[in-house]
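User: I'm new to this structure and would like to learn how its labels are earned. Could you take me through them one at a time?

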Amino acid sequence: MGFFTFFDSKHRARRKAEEAENFRLELERTRQLLGIQAIPGGLDSDEIWWRDHFLWLKDIGYQLRPRHAPDWVPSWTGTDKYWGLCEDSWRMHSTQIASATRTSDGARVALKRIQPSLHPYEIEVGRFLASEPLRQRENHCVEMLDVLQVPNEADETILVLPLLRPFDNPPFETVGEIIDFTLQVFEGLQFMHKHRVAHRDCMNLNIMMDPREMYRHPFHPCRPSRRLDLKGRAKYRSRTECPPRYLFIDFGISRRYQAWQVAPLEPPIWGGYKGVPEFQTSNEPRNPFPTDVWYLGYALQQQLLEVYRGLSFMEPLVSDMLQTDPAKRPTMDEVMSRFVTTYSALSPLKLRSRAVMKEEWIIMRPFRALFHWLRCLRFLWRRRPAIPSLPV
């Protein structure tokens with residue numbers, strides 16, 4: 001009896017293994033049809049493009065993360081580790097962007113993959129804004145460090161950019177820091193308009209921060225709250241102590257106009273002008289400069305006025321920037337002039353007051369206020385200005 005049971009168990013085991021393999025193959029076919037990754041945390045189709053260009057980029061001086069190496073094996077396979085906790089499972093927020101190290105000097109950069117046929121003016125506008133005559137303090141446009149033409153792919157180009165982070169991460173700590181941010185973005189868009197460049201998509205996601213002075217240890221590009229070497233959280237100094245620069249990015253639908261084009265007309269473009277009043281009822285070409293003003297006003301309303309308390313002094317200006325009629329919106333010269341008058345009337349106490357979030361737990365406010373003013377005393381002793389990028 002035991003003899004037959006032995007062969008029967010072998011038969012059942014073999015049949016179970018065959019069923020498991022058939023199930024695995026069927027699952028793999030389904031995943032491929034649906035475009036689902038073969039393993040959790042594995043490469044998706046766009047990341048495979050970076051993997052296929054890993055060695056070329058390395059040869060010309062740009063080292064991608066190990067995740068994109070041709071011989072990459074996920075560190076969590078064959079272990080009981082949760083893949084989401086492994087560094088090589090982390091991805092950039094966009095698969096069109098990869099982080100890299102420039103091997104010549106160790107600088108950390110972002111590589112942005114573009115198709116010139118879809119965005120024919122991005123390189124031209126970026127190079128113009130980074131040209132020597134425009135290298136001024138008022139210029140708050142990200143600089144293209146390099147432009148790489150992908151070999152054997154006529155419609156694939158890589159832009160090399162500095163590694164930045166969202167302008168509101170970490171959160172603002174004082175009203176003066178918020179004014180500094182607003183002043184810089186007003187100044188930056190005014191500079192672009194002065195040189196006849198319309199951004200055409202200056203939403204909040206296209207405003208970033210260069211925080212290199214704030215961080216003693218580099219932050220991880222995929223997890224900005226963590227250190228690059230994964231040894232804990234990425235600790236930072238406040239904006240008041242180490243003022244950052246705020247930069248406009250993504251000139252994919254930007255346009256540069258000639259001086260004689262007083263009121264250039266541009267039709268709405270997919271990906272741009274979303275939600276702008278003048279394009280809700282008509283697709284007629286419009287002057288893009290007032291549209292820039294609306295976009296920036298909307299970003300300030302969503303990311304500042306609706307998030308922080310105590311910013312009522314900004315509301316009249318932002319409201320005018322969001323006028324439904326483009327002709328009634330102020331120009332960036334007028335915006336800048338009005339804003340300077342507005343913040344100049346604020347007291348030093350107001351400028352150094354804590355930036356309180358509207359969703360902050362009310363019980364914690366007294367304790368945070370105490371620590372805030374203790375820190376302010378230190379900044380006063382060291383003569384740090386209330387608006388970080390301005391002189392005392």
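User: Which helix gives the most to the lining of the second largest cavity?

Analyst: In this predicted model, helix α10 (residues 365-381) gives the most to that lining, with 4 residues. The full lining is made of E173, T174, T240, R352, H372, R375, C376, F379 and A386.

User: What makes a residue part of the lining of a cavity?

Analyst: A lining residue has an atom within 4 Å of a point of the cavity. H372 and A386 are among the residues that line the second largest cavity, so each of them has an atom within 4 Å of one of its points.

User: Why is the second largest space called a cavity?

Analyst: A cavity is a set of points where a 1.4 Å probe fits but cannot get out. The second largest cavity has a volume of about 60 Å³, and the count of cavities of 30 Å³ or more comes to 3.

User: How is the lining of the second largest cavity divided by class?

Analyst: Evenly: there are 3 nonpolar, 3 polar and 3 charged residues. The largest cavity, with about 70 Å³ of space, has 5 nonpolar, no polar and 3 charged residues in its lining. Its lining residues are K112, E122, V142, M144, L159, L161, D250 and F251.

User: What makes K112 count as charged there?

Analyst: Lys is one of the residue types that count as charged, along with Asp, Glu and Arg. K112 lines the largest cavity, so K112 is counted with the charged residues of that lining.

User: Where do the pockets come in, and which residues lie nearest the centre of the largest pocket?

Analyst: A pocket is an open set of points, whereas in a cavity the probe cannot get out. The largest pocket has a volume of about 1,300 Å³. It is lined by 42 residues, with H93, I97, N206, I249 and D250 nearest its centre. D250 also appears in the lining of the largest cavity. Strand β3 gives the most to the lining of this pocket, with 4 residues.

User: What about the second largest pocket: which residues are nearest its centre?

Analyst: They are P171, F172, E173, Y236 and R375, out of 19 lining residues. The second largest pocket holds about 440 Å³. Both E173 and R375 also line the second largest cavity.

User: How many aromatic pairs are there, and why is the pair of F172 and Y308 called edge-to-face?

Analyst: The count comes to 13 aromatic pairs. For F172 and Y308, the ring centres are 6.1 Å apart and the planes meet at 70°. Centres must lie within 6.5 Å for a pair, and planes over 60 degrees apart count as edge-to-face, so both tests are passed. F172 lies in the loop between β6 and α5 (175-194), and Y308 in the loop between α6 (288-305) and α7 (315-321), so the pair ties together parts that are 136 residues apart in sequence.

User: How do you know that F172 is buried?

Analyst: Its relative accessible area is 3%. Buried means under 20%, so F172 qualifies. Y308, at 4%, is buried too.

User: What makes F186 and F339 an edge-to-face pair?

Analyst: Their centres are 5.2 Å apart, with 90° between the planes. That angle is over 60 degrees, so the pair is edge-to-face. F186 sits in helix α5 and F339 in helix α8 (residues 332-344), so parts 153 residues apart in sequence are tied together. Both F186 and F339 are buried.

Note on methods: Residues are numbered from 1 along each chain as its sequence is written. This is a predicted model: local features need pLDDT of at least 70, side-chain atom pairs count only at pLDDT 80 or more; totals for chains, interfaces and linings use all residues. Side-chain values use heavy atoms; hydrogens and water are left out. On a 1 Å grid over the protein atoms alone, a cavity is a set of points where a 1.4 Å probe fits but cannot get out, and a pocket is an open set with protein on both sides within 12 Å along at least five of seven lines; lining residues have an atom within 4 Å of a point. Grid points are joined across faces, edges and corners, and a volume is the space filled by probe spheres set on the points. Helices (H or I, at least four residues) and strands (E, at least two) are DSSP runs, numbered from the N terminus. Rings of Phe, Tyr and Trp (its six-membered ring) pair if their centres lie within 6.5 Å; planes under 30 degrees apart count as stacked, over 60 as edge-to-face and the rest as tilted. Buried means under 20% relative accessible area, exposed over 50%, partly exposed in between (1.4 Å probe, protein chains only).
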